[in-house]
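This briefing introduces one protein structure to a reader who has not met it before. Please keep the sequence and the structure in view while reading the points below.

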Amino acid sequence: MKWLLGITVTAALAWCAYWYLGASALERNLTAWFEDRRAEGWQVEYSDLSVRGFPNRFDTELTDPAFADPETGLAWQAPFFQLLALSYQPNKVIAVFPNTQEILTPFGRTQLDSTQMRGSLHLGAAAGMPLRSAVFVADAPEFTAGEARLRAQTLRLAMRETEGTDLTYDIGLEALSLAPPVALKRRLDPGDLLPPALETLRLDAVIRFDQEWDLRALEDRRPQPTAITLNEARAAWGPLGLRAAGALDIDAQGRGTGEITIKATNWEEILRLAERSGLVPPAVLPLLETGLRALAGLSGPETSIDVPLTFRDGQMRLGFLNLGQGPRFRLR
């Protein structure tokens, strides 16, 4: 019995020492990392940093965090932020966000409210903590920018390493019951013929990047896409439906080369929405409508269209219609 008691006491003391050393190292490393960011010109503020959770957890909490990267113009602040991990599995982390956050981009300030927002991250054991997988879920998220409010029932974002392929990630996005801002809805749908929210908005893609997603994505620069395989992008809004699938290669300037097939149901009303939103200049509308009507006649029912969206030499074409300069696929 004395022998068993001795082993138990020794094991308990060893575990206490492990937790204390691990918690101290975690707090010290985070503090040093924040100081390094300050040295690079970041704004890094918080009123408290603590690690709790003895004996089985490393629960890190930042109070009143505020971070800003002047090089990209991105900033974030919140009343708190938590990273929760089991002490015997510290590379699997739960991120807990507050109900209210503020996000600042070069396009303006946005407030994000939600009833609950959490993320789970699986990190590699290497020094840079490479991302193996991540899932973020927000319940009843609401984005507010000025007078405009964008709401959803649920928002999910998932990312994981593609098995057997370096620097490549499976990425999924889903928004359920996505309600556009009221003013935008009135402009897009003056007759109020569409439901107040899109039923679904989904994205399923495989993206190859020029470097791994790890700490360098925060410290240095964001990994940039070099190839995109769009398995499916889908949006449904009442009788309107839009699907897309295809593949693009992305050059160093962010220009795409490849083809994405667009399938649209009730395409004429979708075109009217694009016109009312300002995406289609009025001068281009007659030519675009005539071309799409011809393409619809070739692809089946006139209310539906199945047409390739082609990217080449920085330009974008829809079927035989030249749409002008294509987007740049770059992450700030």
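Arg 132 is partly exposed, with 28% of relative accessible area. The structure is a predicted model. The points below begin with the salt bridges, then turn to the strands, the surface and a helix.

**Salt bridges**

- The model contains 21 salt bridges.
- Arg 132 is joined by a salt bridge to Glu 212, and their closest N and O atoms are 3.4 Å apart. Arg 132 belongs to strand β11 (residues 131–139), while Glu 212 sits in the loop between β16 (198–209) and α3 (216–219), so this pair ties together parts that are 80 residues apart in sequence.
- Glu 212 has a relative accessible area of 23%, so it counts as partly exposed; the category begins at 20%, since buried means under 20%.
- A salt bridge also connects Arg 221 with Asp 210, with 2.9 Å between the closest N and O atoms. This pair links distant parts of the chain, 11 residues apart: Arg 221 is in the loop between α3 and β17 (225–237), and Asp 210 is in the loop between β16 and α3.
- Both partners are partly exposed: Arg 221 has a relative accessibility of 32%, and Asp 210 has a relative accessible area of 34%.
- Arg 37, Glu 40 and Glu 219 are joined into one network by salt bridges that share partners.
- Asp 59 and Arg 57 form a further salt bridge, in which the closest N and O atoms are 3.1 Å apart. Arg 57 is partly exposed, at 30% relative accessibility.

**The open sheet**

- An open sheet is formed by 7 strands in the order β1-β4-β5-β8-β9-β12-β13, with antiparallel pairing.
- The edge strands are β1 (43–45) and β13 (148–151), each of which pairs on one side only.
- On average, neighbouring strands of this sheet are turned by 15 degrees against each other, direction ignored.
- At one edge, β1 pairs with strand β4 (residues 66–69) in the antiparallel sense over 3 bridges. Here Gln 43 stands opposite Ala 68 in β4.

**Strand β15 and its partners**

- How much of β15 is buried? Of its 11 residues, 8 are buried, so the strand is largely enclosed by the rest of the structure.
- Strand β14 (residues 154–161) pairs with β15 in the antiparallel sense over 8 bridges. Within this pairing, Arg 156 stands opposite Glu 174 in β15.
- β14 and β15 form a hairpin with 6 residues between them, and in the turn Gly 164 has a positive phi of about 80 degrees.
- β15 also pairs with β16, in the antiparallel sense and over 10 bridges. Leu 178 stands opposite Leu 198 in β16.
- In a regular strand, side chains alternate between the two faces of the sheet.

**A nonpolar surface patch**

- Which residues form a nonpolar patch on the surface? They are Leu 157, Leu 173 and Leu 203, which together have about 200 Å² of accessible area.
- Leu 173 is located in strand β15 (residues 168–178). Its relative accessible area is 31%, so Leu 173 is partly exposed. That value meets the requirement for patch residues, which is over 30%.

**Helix α4**

- Helix α4 (residues 267–277) has the buried residues Trp 267, Leu 271, Leu 273 and Ala 274. These cover an arc of only 155 degrees around the axis, which means that they are on the same side of α4.
- An α-helix has 3.6 residues a turn, so residues three or four places apart point the same way.
- Just after α4, Gly 278 takes a positive phi of about 90 degrees.

**Strand β19 and a contact across the sequence**

- Ala 264 is found in strand β19 (residues 256–265). Ala 264 counts as buried, with a relative accessibility of 6%, because buried means under 20%.
- Between Ala 264 and Val 307 there are 8.8 Å in space, C-alpha to C-alpha, although the two are 43 residues apart in sequence.

Key:
Residues are numbered from 1 along each chain as its sequence is written. This is a predicted model: local features need pLDDT of at least 70, side-chain atom pairs count only at pLDDT 80 or more; totals for chains, interfaces and linings use all residues. Side-chain values use heavy atoms; hydrogens and water are left out. Patches are made of residues with over 30% relative accessible area and no salt bridge: like charges are joined within 9 Å, nonpolar side chains (Val, Leu, Ile, Met, Phe, Trp, Tyr) within 5 Å. Accessible areas come from the Shrake-Rupley method with a 1.4 Å probe; for residues, only the protein chains shown count as cover. A salt bridge is a side-chain nitrogen of Lys or Arg within 4 Å of a carboxyl oxygen of Asp or Glu. Helices (H or I, at least four residues) and strands (E, at least two) are DSSP runs, numbered from the N terminus. Buried means under 20% relative accessible area, exposed over 50%, partly exposed in between (1.4 Å probe, protein chains only). Two strands pair if DSSP finds at least two bridges between them. Axes are lines fitted to C-alpha atoms, for helices over the stretch in contact, and angles run from 0 to 180 degrees between N-to-C directions. The arc is that of the directions from the helix axis to the C-beta atoms.
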